[in-house]
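Here's a quick briefing to read alongside the model. Have the sequence and the 3D view open as you go.

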Amino acid sequence: MRTPGKQRLRSAVYGLYERRVARSLSPDRLPRHIGVIIDGNRRWARASGDPVSRGHEAGASKISEFLDWCDDVGVKVVTVWMLSTDNLTRPAEELEPLLRIIEQTVEELAAIGRWRIHPVGALDLLPGNTAEVLKGAEAATQNVSGMLVNVAVGYGGRRELADAVRSLLLEEAAKGISIEELAERVDVEHIAEHLYTKGQPDPDLVIRTSGEQRLGGFLLWQSALSEFYFCEALWPDFRHVDFLRAIRNYAQRERRFGT
C-alpha cells in the first residue's frame, strides 16, 4: 500500500516527466486529424469487479478530457469511435445502457459549446432516440468555429464504403448517367466525396488503447496513409502523458505517404 508521502513523490515525478514530454513536442509536426479507437472499457470494469456499464461510464467521462488535450495542442479534427456496427449485436442488457451513456455524452459534448459535433455512422441502424440525439448535437453546434469532433456511432468501415458507393450511384442515376458511363469515369475522388467524412482531411494519427493492434474496420478508406499508435492502457486509464507520448511518437516518424 502506498503511503501519502510516496504518492506525492510519484505525482511530482509524473508531473515533471509529463512537462518534459510536452516541451519536446514540435509545433510544426503535430497531427491535424486524430482518430481514436476507445477500447478496453469492459475489461476495465471486470478488472475492478464492477458491472460493464460502469466501464462504459468511465470511458465516456474520458472523452471530453481527451478532446481538451487535442484542443490544447492545436488538433483540428478528432474522430472518436464510440460504437461500431458490430457492437449493435450485443445483448440488450448491455447495449441499451450503453446507448443511453452515448446519448448523454454527446449531449454534454455539444453543451460545452467549444466543438462542432458531426455524427459519422449508419444512423438508420440506430434506435430513433439515439439518432435524434446525434442529429440534435450536430444542429446545435453547426456554427461553432472550434475543433471538429466526429462521433462515430453505429460506425463500420465496410458499411461506410457501401453507403458511399450507394450514394454515388443514386446521385449519378438522378443525373441520367448510365452504369456504363459511370464505370468509365469513376475514380477515388468520386467515392471520397460520398464518405461520412467528406471534405475533411484524412487522419494523420490513429490511436488505439487496450493493447489491441488492429483497426477493426475504423476509417478503412481514410486511414490508408495514417500513422498508428497502439497503447497498452485501457481507455479509462489513458492518461495525458500517454497522449503526449503518442503525439511525440508521431512527430518523430518520417512520413512517406506510401512512397
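**Around D39 and N87**

The side chains of D39 and R43 are joined by a polar contact of 3.4 Å (a pair of N or O atoms within 3.5 Å; within protein, one must be able to donate a hydrogen and the other to accept it, and residues adjacent in sequence count only if both atoms are side-chain atoms). Bear in mind that this is a predicted model, where local features need pLDDT of at least 70 and side-chain atom pairs count only at pLDDT 80 or more, while totals for chains, interfaces and linings use all residues. Residues are numbered from 1 along each chain as its sequence is written, and side-chain values use heavy atoms, with hydrogens and water left out.

**What the UniProt record flags**

- The unreviewed UniProt entry lists D39 and N87 under "active site"; such annotations may be inferred rather than shown by experiment, and the positions use the numbering given here, with feature names shortened.
- Although D39 and N87 are spread over 49 residues of sequence, they cluster in space, with a largest C-alpha distance of 12.1 Å.
- Both D39 and N87 are included in the lining of the largest pocket (on a 1 Å grid over the protein atoms alone, a pocket is an open set of points where a 1.4 Å probe fits, with protein on both sides within 12 Å along at least five of seven lines; lining residues have an atom within 4 Å of a point).
- The same unreviewed entry places "binding site" at D39 and E227, and from this set the lining of the largest pocket takes in D39.

**Where those residues sit**

- D39 lies in the loop between β1 and α2 (41–47); helices (H or I, at least four residues) and strands (E, at least two) are DSSP runs, numbered from the N terminus.
- D39 counts as buried because its relative accessibility is 17% (buried is under 20% relative accessible area, exposed over 50%, partly exposed in between, with a 1.4 Å probe and protein chains only).
- Leaving aside neighbours within four places in sequence, D39 is in contact (heavy atoms within 4.5 Å) with R208, T209, S210, E212, L234 and W235.
- N87 is in the loop between β2 and α4, and its side chain reaches the backbone nitrogen of S84 at 2.9 Å.
- N87 also counts as buried, at 16% relative accessibility.
- E227 is part of strand β6 and is buried too, at 16% relative accessibility.
- Apart from neighbours within four places in sequence, E227 is in contact with residues including D204, L205, Y250 and R253.

**Backbone oddities**

- Most residues other than glycine have a negative phi.
- S210, not a glycine, has a positive phi of about 80 degrees; S210 is in the loop between β5 and β6 (227–230) and is buried at 7%.
- L219, also not a glycine, has a positive phi of about 45 degrees; L219 is in the loop between β5 and β6 and is buried at 1%.

**The nonpolar core**

- The largest nonpolar core has 46 residues, and F66, L67 and F243 touch the most other members (a core is a set of buried Ala, Val, Leu, Ile, Met, Phe, Trp, Tyr and Cys residues joined through side-chain atoms within 4.5 Å).
- The largest share of this core, seven residues, comes from α4.
- Not counting residues up to four places away in sequence, L67 touches V78, V80, L109, W115, M147 and V149.
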